[in-house]
Structure formats: C-alpha cells, structure tokens
Amino acid sequence: MSELTIVQAVNRGLTEAMRQDPDVLILGEDVGINGGVFRATEGLFKEFGADRVVDTPLSETGILGAAIGMALYGLKPIAEIQFLDFIYPAFDQIVSELAKFRYRSGGQYPCHVVVRAPYGGGIKGGLYHSQSTEAYFAHTAGLKVAIPSTPADAKGLLLTAIHDEDPVIFLEPKRIYRSVTGEVPDGDHRVPFGSARLVREGSNVTLVAYGAMVPAVTEAAETLANEGISAEVLDLRTLVPLDEAAVVRSVEKTGRAVLVHEAARFCGFGGELAAILAEKAFFSLKAPIARVTGYDTPFPYALEHVYLPNPEKIAHAARSTVRGG
Amino acid sequence: MTNGGTVAHSDADPAPEGDGFPRDRRLEAYRWMVTARVVDERALSLQRQGRIGFYAPLSGQEAAQVGAAYALRPEDWVFPAYRELAVALVRGVPLRSLFDQLVGNSADLSKGTQMPNHFAYRAQHFVSASSPIGTQITQAVGAAMAMQRRHDRAATITFFGDGATSSNDFHAGLNFAGVFRAPTVFFCQNNQWAISLPRERQTVSATLAEKAAAYGFPGVVVDGNDLEAVYRVVRAARLRAIAGEGPTLIEAQVYRFGPHSTSDDPRRYRTDSQVAEARQRDPILLLKERLLSEGLLDAASEQELWESVRAEAARAFEAAERAPPLDPHTLFDNVFATPTPRLAEERGEYDRLVREGLGKP
Ligand SMILES: Cc1ncc(C[n+]2csc(CCOP(=O)(O)OP(=O)(O)O)c2C)c(N)n1
Ligand SMILES: [Mg+2]
C-alpha cells in the first residue's frame, strides 16, 4: 500500500502494466520527456524509452489511428489525449473505427485500445479544458467507459482497462488529480468493471455520481446527515458496463434518487439512469427523481462556479426530494 | 505611405501602401512590439499573483505578428489562434479590451466565456479564437471563398503554429484553398515548439513552407524576427490573393522565449542556454538597433517609450480589474439567438437557487 494522489495512481498503473508486458506502450502529445501536461507519464520515458513512451505529432486522429493499427497487430497501445476537449479530431477513429472493429469483422478483428483523457471542470479551464462529454462515448456501442474517483480505483480500473479485450475510454477527473489522496495497493491491483462502489450507506435517498462529483456528493451526504437525512452514495466507476443492479437496489431501498454529473443535463448520463429507474424501480419511488448537473450551456470560463454542481446544490436537491417541494 | 510620400491611410487603416515597410510607421510598429512585450511581462506576473487565471505569452513573436498585421487592410479578416495578442493590438483593439478579456469581467466583449488569450473582436475583423488546434485554418479558407463570391477586394489571414501543421484542418484547409484559389494567407509562426515537442519532431520535412508545394501554391520562409521582411512577404501574399492568384503559405521562423503558457515548465524539455541563444535575435532588439542607427530613436526616447507603455498598460489593467464582474445570468445568454424553453427554465431554476440562498457567487 502507498498513499497516493489520483494522478500518481494513474502513473503507477501505467508503470505496472508496462513492466508486466513489453507490448504495452503509450502514445500522446508531450507524454515523453515532459511527462504529460498533468505529469501522468512522469518518469516513464526514462524507464521505458522513446519507443514505448511515444511523443507524437500534434494529431489526435494520428494518435488514435496509429493506436488502432498497433492494436490490430497485437500490441497494447494506450493513447493519451491531452484534454478530453481535444479528442474530437479523433472522434471518427473512435466511434466509426475503434468501437466497431470487432463487430464489423464478425469478431475477426478485436481492437483493444485504452484511451486516457483528463476530463471535467473546476480548474478555470473555460470551454475547451473543462468539458465532461462522457455521454458521447457511453452512447456509442462497443466502447467501455471508466471514470475513477479515488486513487485506488484510478490504478485498479486502469489496470483492468489495459487487460480488457475491448476499447476503453478512461476518463480521469483532473480537478481532483492532486486534491484527493488515498491508499493504493501495490502490484497488479485490479478493480472489476461494472461494479459500483458503495461509498456510504443510507436509507432516505440515493445519490449517484462518478468521477470528480463523488467528493462533492459525499460532502453533501455529510451535510444531510447533520440534518437527519440519511443519504446513500454510489460511485458508478464505469458507465459502460453499468452496474444497473446496484443503482436499482439502492433506490428500491431508499425510494429516492438524486443523479449528479458535471455534464449538461440534456441527454446527459443522468437521463439514462433516470430511465432505468423509471423502468425498473418505478414502484419503489416515493418522490420524483432529481438531477443536479451542469446547465445546458457550453462550459463557461468566468462563471464556472455558477455552472458546476456543488455540495450545496446537491444537498438542496436531496432535501427537496426527501421533504417534498 | 508610398515612396512618393503620400499618406494613404488613416489611423484605422494599418496597411499603408508601398513595397517596403513605411519609414514613418516604424516607430509606431516598434511601440506595438514593445506594448506586446510589456503585456506579456505584466500578464505573467498577474497570473502568478492570481489576478488572472492563465496566460500564453508571445515574446519572440512580436515582429512576426506586428509585421503581418501591418500588411493587412481593415477589410481583411483575421482568423487567429490563442497567441495573437499583438495582431489584435495593431488591428486597433484597445489594450483595455484585451485586459477585459484576460480578466473575464462584464466589459469583456466575449462575456467571460473563454479562457484568457482567446480573443474575439468583430469590429476589427478579429474572429473568435478557440483552443482546439488548427480549426481556424479551414474557416479562414471558407471566409475567403465568401469574399471571392461577393467580389470583395479583401483577403483572410490565418495564424497558427508549427504544431498546427500536423492537424487535419491544416491539410484540408490548404487543399481547399488551392482547389478554390481562395484569397487566403496561411501564416505559420514556427516558434520551434509545440509545448514540449521540438519542430524537428513535428515533421521531417525540411521546412514547413514547402508543404504548400503539395497543394499547388507557393510557400515562403521568412525570418520572423525581421519586421520588414515579414511585412513584405505578407503584403505580397495578400496582393496575390486579392488579384485572384490564390493562397500562399508563409512560415515565419521565430522562437518562443517564454513558457508555452503559465501552466508550462519549459525547463523540463529545453535548456536556458537554448533560449539565451535565441534571444540574441530578439525581434525587439533587432528593430531597436535599426531605429537607433536610423536616428528614429535614441536612448532617452527609447526609455521613455517603455515607461509610457508600462504606465499605459498598468492603467488599462487597473481599469479592467475595477470593472464590475459579470452578471451570472449571462451564463445563459448566446447559447442560441433566442433561449430555448429549457434554457429559460434553467435560468429560472438558477434564480430560485439564489433566492433560497444557494448558488450565489
Ligand atoms: C486538437 C488539440 N490538441 C491538443 C491541444 C493541446 N495543445 C495546446 S497548444 C499545443 C501546442 C501547439 O503548438 P503550435 O501549433 O506550435 O502553437 P504554439 O503554442 O507554439 O503557438 C497543444 C498540443 C489542443 N489545444 N488542441
Ligand atoms: Mg509552436
């Protein structure tokens, strides 16, 4: 066990995988001598060299296309996209190609690439260094989507992603890269996909979140506890595959759900969760489902504090759900 | 002015006639270059003090930007990246407006929606800059095609870096411009770095300019530290464009003296001595020497110029800092021309939160 930040845990996960298997390599912008703009690949260039920690020209489509080709040939590439906001030049390679290779070839050409990208707001990054667009990827059949919220999960989910057989979009909550620390098991620590983490047990309302919103939701749960409201907190860990059973079970118990994400509300992942609850837990619901999310605007610069969900807004929504009105 | 001596421009018109850089505007150009340098110094220190959130300095690129901007006319459109502050200055954007953007206050014409350095000034035809690399390149071609269609005697110029030559839009943009003979000037500031990636690892072609050959039009390398040389090639490219002869790719060779941005630590990937060597050809120094030798400047007026620019910048920044903050409701503005019912509802939801004592900035 070591006490690490999230970004250090990502770094340990990468190191572990690269030591285990010479076929694992990293492609990205500034990942080499610079160690990545967030330092996630710090030290890897030194240990594994330029052949395995590859600084690419400035082209996300180049990174993804090349990673796909390498994966088809049997290597295990990990593509780093500097910010999730810059993934779109590679969107075609991801949604048209990576997601569909296995299916369209009848299973002849599985294509396992891990795409790592820091995502989310709260760093005063404005429009293009803040967005949470996980829903695009979760919406695309054939892609798995993992979003850790703790150092242990960052390493454990990353190692699971690297050992998976399918493409994984691995989104890292950059806002809490360094602010959240925790114990991380040494060695080949793996956290299974599709298994939500019960952060806190409760009986009055279920708060569902992932990534950087988990600490905010947890703080809200503490506030609520002081007011006599017992909130259960679930961290989804992976959106695809989704631990539907955990969400449904919890809401069957509490009868209330508050769904939280930074992404805009409309067609956000909370909409899918709400639909699942309406389909599978309808008769357990004691109050309308609530969503606390970003607004349906682009991600702002100066007003990001207005845009983002925070513990106060989450607690407020949970309170209204429990007390009505 | 031309060599004959008639003044062919107003203050709003930064593009004088004549082939060489007009003698009577050199000092003014120098002042813009100094202004940009002073803004850089100030902005870096303001960022360290937490008074602005971010900054991407342009030190080392002043002659390239000012020289290019002087070769344009007001009716031309600029499609910038995030480092083109000096271009905006020469286009007539007030310092105060630039600082309003860096602060993100209520006076910012972009309403605080963007990170510092991502400017947009419609009156100066300085089109809104974004962070994603290269996207402006194809857009500049489209605007040029529109000018062509309207038979307007104007051109577009797009600014981008050496890194951007690897982007999809660079290749698509050059190809479109070639096919449609678009009146576009592609102005690449090769500052030798794309964050930590050196120019020679971005592409193995000997120059960036030679990439134009593959798209069937001229590519020119120019010393970007030489104001007049830059002015001349951009002016020629612009004239070629409006004469219907098609686009030109210009590679202005410069050096990024500062960090990529305030988030960057360049010592991780380059040595101070590399930078010191590049600084020997500081474009401000080169022009200063020339102005001194021509008698357009002396030691006293040089010092006075820096001081007056520093004072001007300090005043402009303080005014920007004193401006009221943005009304939080502007968050919901300009998503659409008319808010959708849903946005109107979310705006109401925000008001309700504030009434209940939440969500207040
Ligand atoms: C599509 C995209 N990928 C990555 C980034 C992150 N990024 C910001 S600036 C930059 C380097 C740009 O280099 P260059 O084009 O040479 O311009 P310079 O910053 O040197 O002016 C990178 C990789 C981005 N903004 N957009
Ligand atoms: Mg560059």
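A residue counts as near a molecule if one of its heavy atoms lies within 4 Å of it. Keep in mind that this is a predicted model.

Q: How many residues surround ligand 1, and which are the closest?
A: Let's start with the place: ligand 1 lies between chains A and B. With the 4 Å cut-off in hand, we can list its neighbours. The shell holds 19 residues, and the closest are A:Glu60, B:Tyr82, B:Arg83, B:Asp162 and B:Gly163.

Q: How do the residues of the shell around ligand 1 divide into nonpolar, polar and charged?
A: Sorting the shell takes one convention: Asp, Glu, Lys and Arg count as charged, and Gly is among the polar ones. By that sorting, the shell around ligand 1 has nine nonpolar, six polar and four charged residues.

Q: Which residue has a polar side-chain atom 2.5 Å from a nitrogen atom of ligand 1?
A: Chain B offers two contacts to oxygen atoms of the ligand. A polar side-chain atom of B:Arg83 sits 2.7 Å from an oxygen atom of ligand 1, and a polar backbone atom of B:Ala164 is 3.0 Å from an oxygen atom of the ligand. The nitrogen contact at 2.5 Å comes from a polar side-chain atom of A:Glu60.

Q: What share of the accessible area of ligand 1 does the protein cover?
A: Contacts to ligand 1 include the one of 2.5 Å from A:Glu60. On its own, ligand 1 has 570 Å² of accessible area, and the part covered by the protein is 94%.

Q: Is B:Gln189 buried or exposed?
A: First, find B:Gln189 in strand S3 of chain B, which spans residues 184–190. Among the residues it touches are B:Phe159, B:Phe160 and B:Val254. Its relative accessibility is 2%, and under 20% means buried, so B:Gln189 is buried.

Q: Which side chain makes a polar contact of 2.7 Å with the side chain of B:Gln189?
A: There are two side chains to look at here. The side chain of B:Gln61 joins that of B:Gln189 through a polar contact of 2.9 Å. The polar contact of 2.7 Å is with the side chain of B:Glu84.

Q: How far apart in space are B:Val234 and B:Ala71, C-alpha to C-alpha?
A: B:Val234 belongs to helix H9 of chain B, residues 227–242, and it is buried because its relative accessible area is 0%. B:Ala71 is one of the residues it touches, along with others including B:Leu72 and B:Phe187. Along the sequence B:Val234 and B:Ala71 are 163 residues apart, yet in space their C-alpha atoms are separated by 6.0 Å.

Q: Which two residues does a cis peptide bond with omega of about -5 degrees join?
A: Most peptide bonds are trans, and here we have a cis one. One partner, A:Pro241, is in the loop between strand S12 (238–240) and helix H9 (244–254) of chain A. The cis bond joins A:Val240 and A:Pro241.

Q: What is the phi of A:Asp30?
A: Most residues other than glycine have a negative phi. A:Asp30 is located in the loop between strand S2 (24–28) and helix H2 (44–48) of chain A, and it is buried because its relative accessibility is 5%. Though not a glycine, A:Asp30 has a positive phi of about 65 degrees.

Q: Where is B:Ile195 found?
A: B:Ile195 has a positive phi near 50 degrees and is not a glycine. It counts as buried because its relative accessibility is 13%. B:Ile195 is in chain B, in the loop between strand S4 (193–194) and strand S5 (197–198).

Definitions and conventions
Residues numbered from 1 in each chain as written. Chains lettered and ligands numbered in written order. Predicted model: local features only at pLDDT ≥ 70, side-chain atom pairs only at ≥ 80, totals over all residues. Heavy atoms only, no water. Polar contact = N/O pair within 3.5 Å; in protein donor to acceptor, adjacent residues only side chain to side chain. Areas by Shrake-Rupley, 256 points an atom, 1.4 Å probe, with all protein chains shown as cover. Helix = DSSP H or I, 4+ residues; strand = E, 2+ residues; numbered from the N terminus. Buried < 20%, exposed > 50% of the residue type's maximum accessible area, 1.4 Å probe, protein only. Contact = heavy atoms within 4.5 Å. Lists of a residue's contacts leave out its neighbours within four places in sequence.
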